[in-house]
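Subject: Structure for your study

Dear colleague,

Please find below the structure that I am handing over to you. I would ask you to keep it open while you read the notes that follow it.

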Amino acid sequence: MPHRLGPMQTLPAPMRRLAESETVDYCIVGVGSAGGVLVQRLARAGFRVVALEAGPFWDTERDWVSDEKGSHELYWNDLRITGGTHSLALGANNSGKGVGGGSVHWAAFTPRFHPSDFRVYTEDGVGADWPISYWDLKPYYELLEREIPIAGPAWFPWGDPHGHPYGPHPLGGVGDILVRGCTRLGIRSVAGGPVAILSASHGDRPHCIYRGFCLQGCKVGAKASTLITHVPDAITHGAEIRSHSMASHISLRDDGRVNGVEYIDHDGKQHFQRSRAVIVSGYAIETPRLLLNSACSGHRHGLANSSGTLGKYLMAQAGNVVAGRFDELIRLYEAPPAHALSEEFYETDKRRNFARGFAVQTVGPLPVAFAKQMIAAMGAW
Ligand code: SF4
């Protein structure tokens with residue numbers, strides 16, 4: 001499959017418009033990390049594709065600012081029923097609303113899984129083994145690391161040791177502290193990535209300028225998001241991205257095959273896009289929500305829910321933050337947040353009384369986020 005990307009564009013070139021009455025080949029719900037890549041691959045393969053996105057089509061020059069408070073619209077903070085009858089607000093930074101989805105405000109940290117992650121039951125007696133191995137995924141890691149592209153150390157020594165297509169970033173203040181501390185304690189560490197952030201220019205995209213606004217969208221375009229890496233190329237190849245279009249129901253024909261998606265536009269008007277196939281790519285909350293909302297005769301408990309487990313067993317990722325006081329000034333936000341780490345404690349160590357392990361990495365909160373973390377920590381004391 002071809003995978004060379006076109007130059008970065010912040011707004012689409014003239015976009016092909018497909019009529020709702022026309023039956024397209026694919027209707028993709030959600031243009032985030034996965035949906036943004038899928039729409040590009042399918043458009044390049046010659047399919048007629050419409051992608052529905054609940055949020056706006058960001059113009060990085062017009063809409064984004066290098067300011068913490070001014071970037072709150074990147075998150076999907078709408079109230080949601082996630083269990084029981086009371087609505088909850090989703091937290092910032094675990095969701096994304098707008099073309100690019102969460103990939104516009106992720107920290108761009110791109111370590112690979114270790115081979116052992118796929119065999120945790122066999123090797124450690126916990127969890128379940130994956131149905132595929134690391135070696136099945138490895139060619140795709142390598143493909144995307146070249147395509148995005150990834151910058152990082154010349155040699156990453158843990159898991160399946162490997163290098164990176166772009167060279168490492170210079171150390172920021174907090175990374176310097178981590179590497180110096182690890183070195184003093186005899187712990188191996190690496191610096192400068194791996195991150196989906198350019199350490200040198202790539203096509204029309206400039207290299208990183210180290211101001212630390214990665215979680216605010218990266219106005220300059222050094223950080224990868226599908227908004228700038230894949231969606232412009234999808235549009236060039238004939239895909240239509242329909243922003244401000246909130247999917248509400250997937251509809252089936254009498255023979256049980258899908259025939260399209262109902263959605264609501266910015267003005268609350270209902271629409272129906274006819275499609276031969278529907279791909280739901282709306283992250284861990286919105287994907288099951290749409291499938292459950294699409295219950296119909298023959299699928300009374302939602303689509304793709306014959307097991308009854310749709311929307312259940314969601315496991316969140318926990319990240320514990322450790323902060324320390326130093327005599328010297330450390331500008332912890334002046335670099336990509338995740339740029340130095342150690343995976344020395346990643347695998348199971350029989351001397352410890354628990355299975356599996358952990359990684360140690362830098363984070364670089366901006367002042368408001370840092371203050372919130374400190375207030376939360378003080379509340380927990
Ligand atoms: S530090 Fe680099 S990647 Fe982060 S916002 Fe600035 S230019 Fe973008």
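In which loop is Ala108 found? The model is a predicted one, and in it Ala108 belongs to the loop that runs between β4 (87-89) and α3 (120-124). Although Ala108 is not a glycine, its phi is positive, at about 70 degrees. Ala108 has a relative accessibility of 1%, so it counts as buried.

A second residue may be set beside Ala108. Tyr283 is likewise a residue other than glycine with a positive phi, near 75 degrees. Tyr283, however, is part of helix α8, which covers residues 283-293. Is Tyr283 buried or exposed? Its relative accessibility is 53%, and exposed means over 50%, so Tyr283 counts as exposed.

I turn now to helix α4. This helix is formed by residues 134-147, 14 in number. From its first C-alpha to its last, α4 reaches 19 Å, which is close to the 20 Å expected at 1.5 Å a residue. At the start of the helix, a side-chain oxygen of Ser133 comes to within 3.1 Å of the backbone nitrogen of Trp135. The buried residues of α4 are Tyr134, Tyr141, Leu143, Glu145 and Glu147. Against which helix do these buried residues pack? Their partner is α1 (33-44).

Beyond α4 comes the loop that leads to α5, and two of its residues deserve your attention. Pro149 is placed in this loop between α4 and α5, and the peptide bond that joins Ile148 to Pro149 is cis, with omega near -15 degrees. Asp160 is found in the loop between α4 and α5 (173-185) as well. Why does Asp160 count as buried? The reason is that its relative accessibility is 12%, and buried means under 20%. The side chain of Asp160 makes a polar contact, at 2.7 Å, with the side chain of Tyr134, which is itself one of the buried residues of α4. Leaving aside residues up to four places away in sequence, Asp160 touches Arg112, Pro115, Tyr134, Trp135 and Lys138.

Helix α5 has 13 residues. It reaches 19 Å from its first C-alpha to its last, close to the 18 Å expected at 1.5 Å a residue. Which residues of α5 are buried? They are Val174, Gly175, Ile177, Leu178, Val179 and Cys182. What covers them includes three strands: β5 (190-191), β10 (340-342) and β11 (360-361). After α5 comes Gly186, whose phi is positive, near 75 degrees.

Another cis peptide bond links Gly193 to Pro194, with omega near 10 degrees. Pro194 is found in the loop between β5 and α6 (226-229).

Lastly, I should mention the cavities. How many cavities of 30 Å³ or more does the structure hold? There are 3 of them, and the largest has a volume of about 140 Å³. A total of 15 residues line this largest cavity, and Arg211, Gly212, Phe213, Cys218 and Val220 are those that lie nearest its centre. The lining divides into 11 nonpolar, 2 polar and 2 charged residues.

Yours sincerely,
A colleague

Methods:
Residues numbered from 1 in each chain as written. Predicted model: local features only at pLDDT ≥ 70, side-chain atom pairs only at ≥ 80, totals over all residues. Heavy atoms only, no water. Helix = DSSP H or I, 4+ residues; strand = E, 2+ residues; numbered from the N terminus. Expected span 1.5 Å × (residues − 1). Buried < 20%, exposed > 50% of the residue type's maximum accessible area, 1.4 Å probe, protein only. Contact = heavy atoms within 4.5 Å. Polar contact = N/O pair within 3.5 Å; in protein donor to acceptor, adjacent residues only side chain to side chain. 1 Å grid on protein atoms, 1.4 Å probe; cavity = no way out; pocket = protein on both sides within 12 Å on 5 of 7 lines; lining within 4 Å. Points joined across faces, edges and corners; volume = space filled by probe spheres on them. Nonpolar A, V, L, I, M, F, W, Y, C, P; charged D, E, K, R; others polar.
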